[in-house]
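Reader: Please take one part of this model and look at it closely, then follow it into its surroundings. I am in my first year, so plain steps would help.

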Amino acid sequence: MFAGRIVLAAIAVLLQSSFVSAKVTLPALVSDGMVLQQKAPVQVWGWARDGEKVTVSFRGQSHTVETREGQWSVMLKPLDPGGPFELTVAGENRIVLKDVFVGDVWVCSGQSNMEWPLARAFEPKADIEAPADPALRTFNVGRQLASSPQRDVAGKWEGAAPDTRGQFSAVGFYFGRALRQARKVPIGLIHTSWGGTPAEAWTSRPVLQAWGMPEAAFAALAPPSAAAKEAFDRQVAAWTAAGRPQGSFDDPGVAETAQGWARPELAARDWKPLALPQPWERIGPELQVDGAVWFRREVNVPPSWAGRALELHLGAIDDWDTSYFNGVKVGSTGNETPNFWAAPRRYQVPASAVKAGRAVLAVRVWDHGGDGGFTGPAGDMWLAPAGGAASERIALSGEWRFRAERTRPSAPTPPGLNQNLPSVLYNGMLAPLVPYTIKGATWYQGESNTGRSGQYRSLLSAMIRGWRSDWHQSDLPFLIVQLAPYQAIQAEPVESGWAALREAQWQLSKELPNVG
């Protein structure tokens with residue numbers, strides 16, 4: 001569902017960078033409200049016609065340079081913190097940037113851990129509604145995939161105010177606020193992340209090649225062949241001719257034939273069994289579909305639970321769900337939730353709905369495209385009294401029963417890039433940031449590399465050294481947020497890919513200098 005937005009963003013950047021007019025133009029990062037790095041040489045760059053002289057003026061400094069091959073850049077001498085100021089860029093046209101601050105600038109990157117917005121954090125209301133702090137600012141990098149390094153991104157600088165804080169990265173916001181309090185200088189956060197992505201996607205191709213990734217891994221970065229495009233066009237034509245139009249596939253609501261499927265008294269003998277968690281496409285040809293599928297499971301409620309509120313945990317569900325306990329709707333997750341396809345479902349069952357004995361869980365899942373259904377992990381599927389001990393939980397992984405409500409065959413998958421391929425996010429969402437002087441980087445990622453913890457240790461080491469080389473800072477501070485226990489807490493030690501990856505993160509922090 002993000003494909004359209006990605007394409008539009010890519011087209012916008014392409015249009016911006018594919019030609020050079022006589023006018024001076026600037027990258028998105030060099031704009032109103034930006035934060036420049038203190039106490040270090042700071043690069044300001046942009047584009048203009050060859051031979052055009054461009055002058056950058058800021059806080060008593062003035063530097064003039066001639067445009068070569070369509071690009072120009074100047075280096076400001078180290079700056080003291082403060083702001084807001086104005087910065088002027090003048091060539092054949094004159095650009096005045098306002099509300100420019102000088103302080104510390106950090107890149108905040110990773111997967112959904114870093115992407116998760118403050119609005120979805122734990123009890124964020126007071127933090128969101130606190131008085132505005134114009135000297136704490138974020139730049140949210142727009143999503144962009146690329147097979148080679150790009151020179152610009154989409155995005156804008158925004159200050160921390162009640163109407164903007166909710167869309168700050170939650171981890172980035174709390175980190176930046178703590179820095180504001182400790183450093184007493186303006187703080188700029190360049191937030192570039194993408195949920196569910198592996199570290200390879202954020203690492204440059206030369207670094208991955210030196211690390212040992214085989215050339216075959218980069219084959220998908222090549223433009224699709226004419227034959228592949230023609231084959232895809234034929235698939236789409238056949239799919240459309242069958243009455244399944246491309247484009248939006250919004251949920252029209254529960255079909256008339258499925259009314260009452262959440263009721264506990266429903267006879268569901270004709271519903272088919274399956275084991276959860278797993279995407280429903282893995283079950284067989286009959287569920288190579290998108291749309292609505294219902295799932296049911298019976299549980300036996302202990303007498304001691306009667307009249308008590310319960311916690312229902314279902315793990316991640318791709319894409320949307322509405323969940324019921326004994327016919328009572330207890331929660332739903334839709335497109336209002338960032339990264340809804342990967343968000344863990346955690347719902348409260350009201351005490352009034354809880355009686356001893358047989359109870360029925362029913363979950364209606366709507367899938368827009370790609371895999372659909374329960375994606376786990378298994379350890380995060382359970383039912384228990386609210387605030388109860390782990391020993392009281394009823395595990396919900398295992399056998400459920402399902403029935404399709406309204407579905408259509410899955411749409412053809414277009415050839416080309418996806419966000420999990422090596423270097424595509426580095427090319428589109430990190431390389432364009434490199435000219436910008438920064439203080440350091442924070443990294444919250446790892447779920448997509450669990451199961452490969454030994455490899456991850458050397459891969460992340462290579463990525464860090466690659467970023468440091470790009471920014472020409474061999475000791476660039478790099479802070480790793482160790483994986484939090486997303487899965488159920490185990491009472492006794494067990495083998496765990498998550499634990500092994502945490503250890504790899506910790507070991508790496510001891511091996512490389514200035515990594516914490």
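Author: A residue is called buried when its relative accessible area is under 20%, exposed when it is over 50%, and partly exposed in between. The model is a predicted one, and the part to look at is strand β7, which covers residues 94–110.

Start with D99, whose place is in strand β7. Its relative accessible area is 44%, which lies between the two cut-offs, so D99 is partly exposed. The backbone at D99 has a positive phi of about 55°, although the residue is not a glycine. Most residues other than glycine have a negative phi, and most peptide bonds are trans.

The strand also matters to the interior count. The largest nonpolar core has 89 residues, and L36, L87, I190, Y436 and W467 are the ones that touch the most other members. Strand β7 gives the most to this core, with nine residues. For one of those well-connected members, L87, the contacts can be listed, leaving aside neighbours within four places in sequence. They include I95, V96, L97 and V100, whose numbers fall within the 94–110 range of β7. L87 is also in contact with M34, L36, V44, V56, S57, F58 and L76. A second, separate core of 31 residues includes L274, W305, L314 and W400.

Next comes helix α4, which meets β7. In α4, the residues A170, G172, F173, G176 and L179 are buried. These buried residues pack against β7, and also against α2 (112–115), α3 (125–129), β8 (133–140) and β10 (187–193). The length of the helix can be checked with simple arithmetic. Helix α4 has 14 residues (170–183) and, at 1.5 Å a residue, should span 20 Å; its end C-alpha atoms are 20 Å apart, so the two values agree. Just after α4, K184 takes a positive phi of about 60°.

One buried residue of α4 leads on to a cavity. Rolling a probe the size of a water molecule over the atoms shows where empty space is left. The structure holds one cavity of 30 Å³ or more, and about 30 Å³ of space lies in the largest cavity. G172 is one of its lining residues, together with C108, T138, F168, S169, L189 and H191. C108 brings the account back to β7, as its number falls within 94–110. By kind, the lining divides into three nonpolar residues, four polar and no charged.

Back on the backbone, there are further points to set beside D99. N514 also has a positive phi, of about 60°, and it is not a glycine either. N514 is found in the segment after α9 (497–511). With a relative accessibility of 44%, N514 counts as partly exposed. Two cis peptide bonds can be added. One joins G83 and P84, with omega about 5°, and P84 has its place in strand β6 (residues 82–90). The other runs from D318 to D319, with omega near 10°; D319 is found in the loop between β14 (310–318) and β15 (320–325).

The same cut-off can be tried on residues in loops. N449 lies in the loop between β22 (440–444) and α8 (453–470). Its relative accessible area is 1%, under the 20% limit, so N449 is buried. Not counting residues up to four places away in sequence, N449 touches P198, A199, E200, Y456, L459 and L501.

F340 is found in the loop between β16 (328–333) and β17, and with a relative accessible area of 3% it is buried. F340 and R143 are 197 residues apart in sequence, and their C-alpha atoms are 17 Å apart in space.

A353 sits in the loop between β17 (344–349) and β18 (357–367). At 10% relative accessible area, A353 is also under the limit, so it is buried. Apart from residues up to four places away in sequence, A353 touches F325, N326 and V328. The C-alpha atoms of A353 and R205 are separated by 55 Å, with their positions 148 residues apart along the chain.

Terms used: Residues are numbered from 1 along each chain as its sequence is written. This is a predicted model: local features need pLDDT of at least 70, side-chain atom pairs count only at pLDDT 80 or more; totals for chains, interfaces and linings use all residues. Side-chain values use heavy atoms; hydrogens and water are left out. On a 1 Å grid over the protein atoms alone, a cavity is a set of points where a 1.4 Å probe fits but cannot get out, and a pocket is an open set with protein on both sides within 12 Å along at least five of seven lines; lining residues have an atom within 4 Å of a point. Grid points are joined across faces, edges and corners, and a volume is the space filled by probe spheres set on the points. Ala, Val, Leu, Ile, Met, Phe, Trp, Tyr, Cys and Pro count as nonpolar, Asp, Glu, Lys and Arg as charged, and the others, Gly among them, as polar. Helices (H or I, at least four residues) and strands (E, at least two) are DSSP runs, numbered from the N terminus. The expected span of a helix is 1.5 Å times one less than its number of residues. Buried means under 20% relative accessible area, exposed over 50%, partly exposed in between (1.4 Å probe, protein chains only). Contact means heavy atoms within 4.5 Å. A nonpolar core is a set of buried Ala, Val, Leu, Ile, Met, Phe, Trp, Tyr and Cys residues joined through side-chain atoms within 4.5 Å.
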